[in-house]
Amino acid sequence: VQQARVFTIPPGLPFLPILADALTGGELSDGWPAGSSLADSTIYLPTRRAGRALAHLLAERSGRRAILLPRILPLGEVDEGLATDAPSERSELPPAIPPLERRLILTRLVQRWAAEIDRDRLLRIAPGVPFTVPGSPADAVALAGDLEALMDALATENVDWSALEDAVEIDLSRYFRLTLDFVRIAHEHWPAILAERGASDPARRRNAALDAEAARIAEAPGGLIVAAGSTGSIPSTARLLAAIAGQPNGAVVLPGLDLDLDERGWRAIGGAAATSSRRRPGDGLDPGVYGHPQFLLKQLLERYLGLERGQVRVLGPSEKAGTERRRLLSDILRPADTTDSWADTSPFERLVLARAGGDGIAIIEAADEREEALAIAVALRETLAEPGRRAALVTPDRNLARRVAAELGRWGVQVEDTAGLSLADSPAGRLARLAAEAAIDFQPAAILALLAHPLVTLGWPRAQTERATAALEIAALRGPAPRPGLAGLATALAVRRDARSGRDPLPRRRLADEDWDLAAELLDRLARAFAFFSGRELDDGVLDLVALAGCHGHALNELTAPAPDEPREPSTDERALDALFDELASAAVEDGLGRSVLGRFGEYPAFFASLARVRVLAPEPRATHRRVKILGLLEARLLDTDRVVLGGLDETIWPPAAETDAFLNRPMRVKLGLTPPERRIGQTAHDFVQALAVPDAIVTRAQKREGKPTVPSRFLERMRAFVGDAAWSEMVARGSRYCELGARLDHPAPVAAPKRPAPRPGAARFPRRLSVTAIETLVRDPYAIYARHVLRLEPLDRIAVPPSSADRGTIIHDILAGFASRHPDILPPEADQLLLQLGLDAFRPIETAYPELHALWWPAFERFMPVFLDWERERRRDAVAVHVESPGRVEFEFAPGETFALTGRADRIEVRADGRVAIVDYKTGVVPTNKMVAVGFSPQMTLQAAILMRGGFHAAASPDPPELLYLKIGGKEVATERAVEPPKGDARSMADIVAAHRDGLLDLVRQYGVDGAGYLSRPYPQYARTYAPYDHLARVKEWSLAGDAAEGAPL
Amino acid sequence: VTSGLVVPFATARDQRRAADPAASAWVSANAGSGKTKVLTDRVIRLLLAGTPPSRILCLTFTKAAAANMTIRVFEQLGRWVTLDDLKLGETLAELTGERPAPALLKAARRLFARAIETPGGLKLETIHAFCERVLHLVPFEANVPARFAVLDESKTDELLALARGRVLIEAASGAPGREDLTAAMNVVGLDASGDTLTGLLDAAVRHEGVPSDPDELRLRIARLRYALGLAADEEAGDIRRAMLEDGIRPAEWPEIARELRRTRSSTDAKRADALDAAASAGRPTRGSRLI
């Protein structure tokens, strides 16, 4: 009997180049069949990508001669779930149902199941309690995905659904009834749906295709047939490999079969434990056997190929390169039941092996994922310093991959993650999600997020869209929230445009007419884009979410419409998004009654995201670096590189968490003959060995991820226990170099703390007109006046701010002003009715837009009204006239030919019966103390008095100092009157203080307007407001820490 | 255990007793006195006695403690793997108090790899993580969304604010059936509004202990009164009266006023007037109940 030709290429060696050499050198065929050429052979490789790489290598080896390449076919091997590369065209079964259609139909079935579930028999929840297992359409999609995984697992292992009912233990049957009822979707409804559509189940079809392939090979031997790189993880693939190995012209090349492990260890993988008597119910089959890196290969060899390990021949260079590393890795990962043999090796021998095998391994134990990514980037970048050297990061953690790609940007090294990007996270996918989120109720923040996306053009050049967005933002989105919806926004825009005034925020006052036009046009275009895709229009009731996707797609087309004269080619992700919408449009999801996936509009964004998330975009070859790669585990399987970085060696990442699904527990899976989730761990362990066998290897982990402490990967724990502290710390020391280099990169050069700013724009720039409140600011924080009046900077309002206590103050001021101005001389008997009506009117906008604020503010106002009316009647007893909101202005010459205008608006000016005048200020905030007034930090009232005494108020004039009065509104007392008087210990009269402030103001104006004094930031920190809008600009935090002291004096 | 630190014999013995898996134990001890060591030892002794690692559940309160425990268990078991028979024998004797049989030495060496390969991981976790895991495993039976995620802090705040707003609206609207809410709002609104009120509501929600059972409520109030040192019938008016009268008695106030007038200072004169007015005024009325 001719010996089967089964080969292996040891880990750490370049798999595909060695395979190419063996193909051209004839080692695989042993010269059979005589005279056959490479062009007649057929070669199966795990993926299309590997196929392309092999074709490239073979062409290289042919030199300049043109050659006919062999037939290279993909086996379609994947981690989990379904192959996209499967050789499906070779099946006799009807075409497989498209994946999206399958997911959507199952989603619909899940929804129907939940709606029609027999509550009395299956659910133990009280009547009226909603059944929330699919809590939303997105949940139903996820459940459908889980169900698909179970269907595929059963199909892959060729297990019948009926076995499921039998697997449920009697004592647990009550508990699992619900689950069994659920999976009935898959085995009762699903086959009928497939039959009706003339489609087949993808996993079963793949099995059939592989089996058909195996049969054909057995019947019609042609040229050389080679299967290389597969571990035979799917039974059908394993059968195909066996069929190839059984042919006289067949050869199988295994990746990294462990020939170093001793016999006892080898026997303990899989076989020994499977017959072990130590099994207990509930503990399942000893799961460690599945977690061994060689489990799949051993199973393939023994169960399918019927070979001993010794019969496998080694391909590749015969020199000893890498043998110690392979021996070390083999021993570290030996089956748990044989780890007692570690102690049989003497500590010295172990240290020798650890040093020899561990030479070239560096271990990075970073504090967190950020440090890990930076250290990896440094390690990759280091390779680039040497011409021609290549480096690869291998990691199952796509987040880490993204971080590393970003860190490499420091050196302008652009690397795309070869494992691909989820459509949901691609630019086009993000745009689609933003549009769906915005469409729910067009909140200002959501609209801005959408418009900020660079793909939004709305038929304009992007620059024009950006200008329109800025105009809309300043005109309507900042400040108090407009009424919801695009229509509300359009109204707000029109109203604000009509009501433009000098009291508008400065940024809005700067908008030109064309800006307002642009903003309006932008809203029009948005309204057109969202005409059929708006949560406001479609809010009530249940919608067909699949059909809604059509409207979503239409909206996106409008949003991304290019300018007429700038046509644009769609990018890869945009094409993928279009493809998703096309498939959604053509997917036949409805059942006989026309029911599809149902949900409310607000649930659509999550539903869409759950579909977009499972689509993975292939990276663009152009975007990947020639010498640096970032790979997932699958892509790294036939790796060929000079330096490898293994990233994310923490439990639940590498290896992944071996979670069972929500349907079957571990014992039930075993009973059904399904492999336990630990099989994935075995696969990642094999990936670990394959990658770490590269001579120059760096392993990284992080002690914390997302702020949570992690547990190191079991592979590292094993290594550490085996090699001992000495060898381990040597490897860690080699790794810490990269962290140190990374830390040095991020260590900033020392920066001198800035000095307190005191800009001197020159006397001419001093404003020639300021209000009494601005003077108060000039005293307390001159820099703010510089920023506001010289630089003309004004803070933008926040986006869609809810009304603040300042707005409440404005409302109350308006009510009181309206009240007094209607009856300037005598209060009518129905004054309380009048005040109530004014209050109701003024608070109405709050009541409609912010009922929860109204609930707090209105009762307080109701308590305030009677107290205020008492006060008002008391005041009116000897008031001749009352003037509200009186504007005042005086001018004085502070230098020859230079005048300065002081302005001020008095809340209320009363002319008393005795001819005296009183100025009243309503305060809903803090009332300044008499001391603060007297020393000049709060000169608002005294300066108003000065204006009055110089005849600056039209309402009233008096050469004598007026009575100055605060009415404090709010607090426990509701309303309190406080006269402004000289404080204790100040011998001056009010007239003296007013005069002093008037003179002080003149001095101040001369300081800035004549001498050109510097506008100091916060000269008296203790009297400045705790937060002021210009503090950041003045870098207050920086210089105040440096301890710059105060100087000067107030008015 | 830090090397060089000598653990007193009695402590070592107590720790061993508490770590004996055959005994139920309650351990209360100071920080740094070895509670985690006892717990780790207990897990290890369970493993040593042949318990499958997947059948051990060990709950802690913080994520850091859970990760730390797992790492410690692995570290200790990892050290055993390569110890020679003599040293491993000593270590096991120290742990269990018994000389180990030769077969146990081999088993002990295998524990490390077996423990790190526990299906689904060694279950040393926080209570929250445990509950979350159970719910994820049986969503159908628990009636929870199949792939639920726990709310983060900002989302929680957002939802709380929404709920708070709804309650306030309900209170203000005086909706029929919610008169109690409106009444409560009118009382609270006098003392608190704005941020104070929302803070108060949040505190009430967080301490779900505001009881609806009137007896329970009376009991809680009695406890609060006790904590404040209030006598059974003491009320706000009593406190106010005590503040005024229990110092200088009202009968003496006119006398003090006379003294003050003799200083001829206008401020003192004002004070004297106030004192006279207070003395001639009636006794303060008994105010509302304090709590």
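**Exercise 1. How much area do chain B and chain A bury between them, and what share of it is on carbon and sulfur atoms?**

Solution. The model is predicted, and every value below was computed from it.
- Step 1: Begin with the total, which is about 4400 Å² buried between chain B and chain A, with 61% of it on carbon and sulfur atoms.
- Step 2: Turn to the residues of chain B that lose the most area to chain A, which are B:Glu117, B:Phe140 and B:Asn143, together accounting for 18% of what that side buries.
- Step 3: Count the residues in contact, and you find that 47 residues of chain B touch 57 residues of chain A.

**Exercise 2. Describe the charged and polar pairs across this interface, and then the make-up of the side that chain B contributes.**

Solution.
- Step 1: Between chain B and chain A there are 5 salt bridges.
- Step 2: In a salt bridge between B:Glu117 and A:Arg718, the closest N and O atoms are 2.7 Å apart; B:Glu117 has already appeared among the residues of chain B that lose the most area to chain A.
- Step 3: For polar contacts, 9 residue pairs are found across the interface, both residues of each pair being at pLDDT 80 or more.
- Step 4: Several helices of chain B give two or more residues to the side that touches chain A, including helix H5 (102-116) and helix H8 (153-173), while H3(B) gives the most, with 9 residues.
- Step 5: Sorted by class, that side of chain B has 24 nonpolar, 12 polar and 11 charged residues.

**Exercise 3. Where in chain A is A:Arg478 placed, and is A:Arg478 buried or exposed?**

Solution.
- Step 1: Locate A:Arg478 in the loop of chain A that runs between helix H19 (462-477) and helix H20 (485-498).
- Step 2: The relative accessible area of A:Arg478 is 17%, and because buried means under 20%, A:Arg478 counts as buried.
- Step 3: Look at its polar partners: the side chains of A:Arg478 and A:Glu473 are joined by a polar contact of 2.7 Å, and a polar atom of the A:Arg478 side chain lies 2.7 Å from the backbone oxygen of A:Asp797.
- Step 4: Beyond its neighbours within four places in sequence, A:Arg478 is in contact with several residues, among them A:Arg496, A:Arg508, A:Leu796 and A:Ile799.

**Exercise 4. How many disulfides does the structure hold, and which burial class belongs to A:Cys551 and to A:Cys739?**

Solution.
- Step 1: Over all chains, the structure holds 0 disulfides.
- Step 2: A:Cys551, with a relative accessible area of 24%, is partly exposed, whereas A:Cys739, with 12%, is buried.

Note on methods. Residues numbered from 1 in each chain as written. Chains lettered and ligands numbered in written order. Predicted model: local features only at pLDDT ≥ 70, side-chain atom pairs only at ≥ 80, totals over all residues. Heavy atoms only, no water. Helix = DSSP H or I, 4+ residues; strand = E, 2+ residues; numbered from the N terminus. Buried < 20%, exposed > 50% of the residue type's maximum accessible area, 1.4 Å probe, protein only. Polar contact = N/O pair within 3.5 Å; in protein donor to acceptor, adjacent residues only side chain to side chain. Contact = heavy atoms within 4.5 Å. Buried area = accessible area lost by both parts, 1.4 Å probe. Salt bridge = Lys/Arg side-chain N within 4 Å of Asp/Glu carboxyl O. Nonpolar A, V, L, I, M, F, W, Y, C, P; charged D, E, K, R; others polar. Disulfide = S-S within 2.5 Å.
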